[in-house]
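Trainee: Can you walk me through this one? I'd like the overall picture, then some details.

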Amino acid sequence: MLGFLLALFGGGLALAILYLMKGTVSAISLGIGSVILGLIVDYALYIINLFRKKGDIVLVLQEMTLTVFLCSLTSAGAFLCLVFLRSSVLHDLGWFAAISVAGAAFFALVILPHFLTQNDVKVTPVRVGLIDRIGSFSFEKSRGFVVFLVIITVGSIFFVHRVRFEDDMMALNFVPSKLKNAERDLDQITGGSLKTVYVVSTGADLDESLRRQEGIQGEVSRLLSSGVIKTVTGCGQLLLSDSAQKAKILQWNNFWTKKRRDLLVKELTSSEAEFRFKKGAFDGFLTQTTRTFPVLTPAETETLTSGIIKDYIRVEPGVAMVTTTVKVSQEDKKDVYQALGKKTGIVVFDRQILANHFVEGVKHDFDLLVKLSMVFVTLLLLLSFGRIETGLTTALPMFASWILTLGFMGLTGIRFNIFNIIVSSFIFGLGVDYSILMMRGLLLEYRYRTKEISSYRTAILLSSATTLFGVAALFFALHPALNSIAIVSVFGIVAVVLISYTFQPLLLRWFLFDRMKKGRYPVTFRILIKSFITWGNIVLVAVLQVILGGMIYILFPGSRKKKEYLFHWLFCQLCKAYIFCSFPTNRKFFNPHGEDFKKPAVIISNHQSLIETPAFLRLYPKIIILTNEWVWNSPIWGPVARMASFFNAERGIDLILDQLKKKVEEGYSILIFPEGHRHIDNQVHRFHRGAFYLAERLQIDILPIVVFGSGEFLGKGEFWGRPTGLRMRILQREALEDSRLASGYSAASKIFRQLISREYSKLLEEEGTGKYYRKKLVLNYIFKGPVLEWYLRIKMRIEQYYQRYNELVPREGEILDLGCGYGFMTYMLSFTGPLRKITGVDYDAEKIRVAANCIMKNEKLEFACEDITRYSFGKKDAILLCDVLHYMTQENQEELLIRCIGNLNPGGVILIRDADSKGEKHHKRTQVTELFSTRILGFNKTVSTSRQLYFTSLESIDRIVQGQGLKTEIISEAKHTSNLLVIIRKEWNVKA
C-alpha cells in the first residue's frame, strides 16, 4: 500500500508541475509514463525490506538515503535525456517521468519513514522464507554459474548486430483469423485490398502546383492504360493552371472558325423543326462559340477550391499542394514510385511509407536515447561513487544486461517496435537501480565488515518479482506485440538480476574482500595498470635480453669474455630502464662511501621483493646472482640466467666454487640474499651462512646494502604492485680480515644481520615519513566513501602528512590518541613507527566503526568508542589530544589533563592541538569552521545535545600543566586559525 502512495505522490507532483509549466501534457506520454510509476514503487520496497531486518528507521535511512538518492538521480537523468529527442510527446514523457521519480524519492526518504514505527517490527526474529534464502545465496561463488553467465554474455555480442527494428507498422496490427478470412472474402468482391497512393504536386503557389500536376498526367495515363493504376481521383479535370487555361482557350477559339460556326448554325436551325426543339434553343451554346474567355480570377479560383475539390488542395503561405490519389495493388506500388517519385516537385507516399518514416524517426530517437542515457548514467555513477573502479563496476550490469537482451532478441528474431522499446527503457532503469543497490550493499560490508548484502539481494528480488508477475500476464495476450513485451521484459529483468547478483560481488570479492581477509590493500585501477606494466616490463626485459643476447653471442665478433660483458652491460641498461619505469619519481640511492663496484665482493642485502633483482643488477654490469631451482627452470628467467652465467646454488656452493672463482677473477661481484626467502612483514630475519662462507673461500670483501620500499611495492605473495618508492643505501664494505668474519660463519651472519637490521631501522626512520606512507594511508580508507577519501587527502595535506607528530611521538611504546576520529593519524603513526602500540578513542561510534575495520589494522592497534571524559586508561608513553578539548566543558578539560599527566610515563609526551580562545580574529574563523562542522553538516559530534563548544585558552592549559609541576612548549599550527600545538614533556627525574 505504501508503494502505491509513492507512485501517487510522484505522479501527482509531476502532473501539477507540468500544469504550471505548460498547461497541457500529451495523453500518450501519460499512458507510457504510467509504466514508469512501477519503477518508483521499488524505493518503498528497498526501505521497508531493510526496516524489516534492522527495525530502526534511523539506521535504515543512514544506509538507504544515498542509495535511493543515486537511484532516483540516475533514473531521472536518464529520462531527461528524452528532452534532447525530436518528438514533443517524448519531451512530455521525459519531464513527467523525471519529476515522478524525484517526487517518489522525496516521499520515500522524508514522508515514508513516518509511516514506519517500531510497532511495525515484531520482537521475534524474522522468519526466513524462500526469498530470503535466495537473497542469502552467493551466486558469485558458483564457478559453473559464473562461467555460464560469462559465456552467454560474450556469446550475445555475436548476435547483437542481428537485432532489427520493425519497419512495417502494419505488422503490429492484430487481426483474429476469422476476421482475416472475412476481410479476404470482402476484398475479392469490392477490391478493398487495393492500396491508396497519394501523388502530391507542390509549388510556391497554386498555379505552380497545378502546372507540375499537369506535367505528370501523361505518365499517369500511361500507367492507367497499362493496368498498373486501377483508378485515379483528383481535381485535374476541374482546375487547371493559368497556362493550361490559356492553352485550352486558344484551342477553343482556334477550333471555331467562321466556316465551322456557319455550318453548325445551319444544321441546328434545320434540326430544330425536325426534332421539334423550341426556336432558339441552341442560341446560348452558339453564343459561347463567339465569346472571348479569360482565365479564372483569384476569386473564382477560391470559390472553386472551396467546393467539392477542397479536399485535394492545400494552400499555405509560401507553399501549395495539389493531391491526386491512385489505387494500385501492393505489388504494383513500386512501379508508381519509380515512374512518379523522381519528378521535380512531386511527392509520392502512402500510409505504409508514412508509418515506416515514423518508425525510422522513433528508431533514431531510441538509438540516441540509449547512447545519451548510458553516457549520462556512467558519468553520474563515476561522480557519485567518486572512483572509476566502483563507478564502472556499478555500470557493468547495465551494459552486460543490455548486451544479453539484444543478443537474445537477435538470436530469437524478436524485433524492436514502438511498444517493447518502452519496456526496454524500463529494464534499463531497473538495471541501474539494482546495480546501485548491490554496490551500496557491498561497499557497506567493506566499510564496516558486516554481512549486509543479503538484505540488498532480497530487496532486488522483491522488486524484480513484483515486476515479473505484472509483465508475465502479457504472455496470455493474443496480440504478438504484447507477447514480445512479455518475452523481452522477463528475459531482461532476469538477466539484470543475475548479472547484478554475480558480476559485481565477484569483482569486489577478487579485488576487495579476499584481500581484506588477508590484510592486504585493495586493488585500484591505478594498481591494476601499474601491475600489468610491472609484470609486462619484466617479460619484455627477459624477451629482449634473450633475443639481443643471442644476437650478441652469435653475431658479435670477439672473445667469450667480451661477449659476456656486452651481454651484462645490456642487461644492466635494461634493468635501469625497468626500475625507472617502475619508480619514475620516488626513488633514492645513497652511496656515502663512493662505492664503484669495480673491486669484486659478495653483495648481501635484506630481501623484500622480486623487484630487488633488477634494482641490484642496474648498479654495475659485472654482478652475477646465485639463483634457486625455480629461477633456473623458469621459462622466462631461466634462459636469461643461463646466458648471464648465473649459478644455481640449491645443489651446493662447493659444486660451483671453481666457476665462481673464475668469475671473480674476471671482476664480477656475487649478489646473495642471506635471508634466503622473502617475508611478509618486511623485517630483517635470520641470515644463512653461505654468503660468508663464499666470501672466505673466494677471498673477497663483504658489501652490505640496505633496501627499503621494495616490499611495500611488491611484497611476498603479491601480484599487484602498489605505487610507492624505492630506497637503497650502500654501506661500507668489510674486508675478509675483519674480526667479524674471523669469529666464524654463524657469528658473522648474526653480526651482519644486526648491522643491516640497525641500518634498515635508520633508513626506515629517515625515509619512512608520513609523506612516504601517504598512499598507503589512502589505500587504508579507499572505497569507504568518496567524501571520507577526499577528506583524508585534504586532511593529510593540511597536517603535512602528520610528520610533526611522528617526530614528537616516541618510536616505540604505549600511545593513546584521544579523539582519534577516523583514525587517520593513528594509522600514520603506526606506519612510521611499527613498534608503537596505539589505542584510538572517540565518542563518534560511526568513526570508530570505520577506523576499527580498516584493512591495515593489526594487533598493535586498538580502537574504542568511549566518552574520553569518563574513559579510564593506564600508563602511556605518549598521549594525543588533537582538536578534542573544545568538545567538553572547562571542568572536564581540566580533569582530563590532570589524568593524562598523571598517567604519563617518565620521558613521555602529551601533544595538545586546539584553538586558543584569545586568538582574536583568527579564533573567529576557527569558531565558524567548527560550528559549520558540528551544527550544519553534523560531521563531528559533540557530547552535549546542545552542540555547544568550549574553547579554552593557552593560559588555562599552561596553568593546569604548571600546577602538575610540568612545563609547556608552544608551536603555532596555522596562519589563518587560532590552532596551537602544545607540547608537554615529563622528564625522567619526575616521578610518575
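Mentor: Let's fix one term before the surface figure. Accessible area here comes from the Shrake-Rupley method with a 1.4 Å probe. Also keep in mind that this is a predicted model.

Trainee: Got it. How much area does the protein chain expose, and what share do carbon and sulfur atoms supply?

Mentor: The protein chain exposes about 48700 Å². Carbon and sulfur atoms supply 61% of that.

Trainee: How many of the residues count as buried, as a percentage?

Mentor: 49% of the 992 residues in the protein chain.

Trainee: And how many helices and strands are there?

Mentor: The chain has 37 helices and 19 strands.

Trainee: What share of the contacts with a separation of 6 or more comes from residues 24 or more positions apart?

Mentor: 76% of them, for the protein chain.

Trainee: On to helix pairs. What do I need to describe one?

Mentor: Two packed helices are described by the angle between their axes and the distance between those axes.

Trainee: Try H20 and H21. What are the angle and distance?

Mentor: H20 covers residues 525-555 and H21 covers 560-582. They pack at about 165°, with axes 10 Å apart. Angles over 145 degrees count as roughly antiparallel, so H20 is roughly antiparallel to H21.

Trainee: Which residues make that contact?

Mentor: It's a long list. From H20, it includes Lys 530, Ile 538, Val 541, Leu 544 and Leu 548. From H21, it includes Lys 563, Phe 567, Leu 570, Phe 571 and Leu 574. By class, the contact of H20 with H21 has 13 nonpolar, 5 polar and 3 charged residues.

Trainee: Is the crossing of H20 and H21 left-handed or right-handed?

Mentor: Right-handed, as H20 passes H21.

Trainee: What about H30 and H31? How do their axes cross?

Mentor: Helix H30 (residues 774-781) and helix H31 (residues 786-798) cross at roughly 155°. Their axes come within 9 Å. That makes H30 roughly antiparallel to H31. The crossing of H30 and H31 is right-handed.

Trainee: Who touches whom there?

Mentor: H30 brings Arg 774, Leu 777, Val 778 and Tyr 781. H31 brings Leu 788, Glu 789, Leu 792, Arg 793 and Met 796. The contact of H30 with H31 divides into 6 nonpolar, no polar and 3 charged residues.

Trainee: One last pair, H35 and H37. What is the angle?

Mentor: Roughly 40°, with the axes within 10 Å. H35 is residues 890-902 and H37 is residues 954-963. The two helices are therefore oblique to each other. H35 passes H37 in a right-handed crossing. Glu 894, Leu 897, Ile 898 and Ile 901 of H35 meet Arg 959, Ile 960 and Val 961 of H37. The contact of H35 with H37 has 5 nonpolar, no polar and 2 charged residues.

Trainee: Now single residues. Where is Thr 325?

Mentor: Thr 325 sits in strand E4, residues 319-328.

Trainee: Why does Thr 325 count as buried?

Mentor: Because its relative accessibility is 17%, and buried means under 20%. Leaving out residues up to four places away in sequence, Thr 325 touches Thr 196, Val 197, Tyr 198, Thr 231, Val 232, Thr 233 and Tyr 312.

Trainee: And where does Phe 137 lie?

Mentor: Phe 137 is in the loop between helix H5 (130-136) and helix H6 (143-157). At 44% relative accessibility, Phe 137 counts as partly exposed.

Trainee: How far is Phe 137 from Arg 457 in space?

Mentor: 8.9 Å, C-alpha to C-alpha. In sequence, Phe 137 and Arg 457 are 320 residues apart.

Terms used: Residues numbered from 1 in each chain as written. Predicted model: local features only at pLDDT ≥ 70, side-chain atom pairs only at ≥ 80, totals over all residues. Heavy atoms only, no water. Axes fitted to C-alpha atoms, helices over the stretch in contact; angles between N-to-C directions. Helix = DSSP H or I, 4+ residues; strand = E, 2+ residues; numbered from the N terminus. Parallel < 35°, antiparallel > 145°, perpendicular 65-115°, else oblique. Left-handed = near helix turned anticlockwise from the far one by under 90°. Contact = heavy atoms within 4.5 Å. Nonpolar A, V, L, I, M, F, W, Y, C, P; charged D, E, K, R; others polar. Buried < 20%, exposed > 50% of the residue type's maximum accessible area, 1.4 Å probe, protein only.
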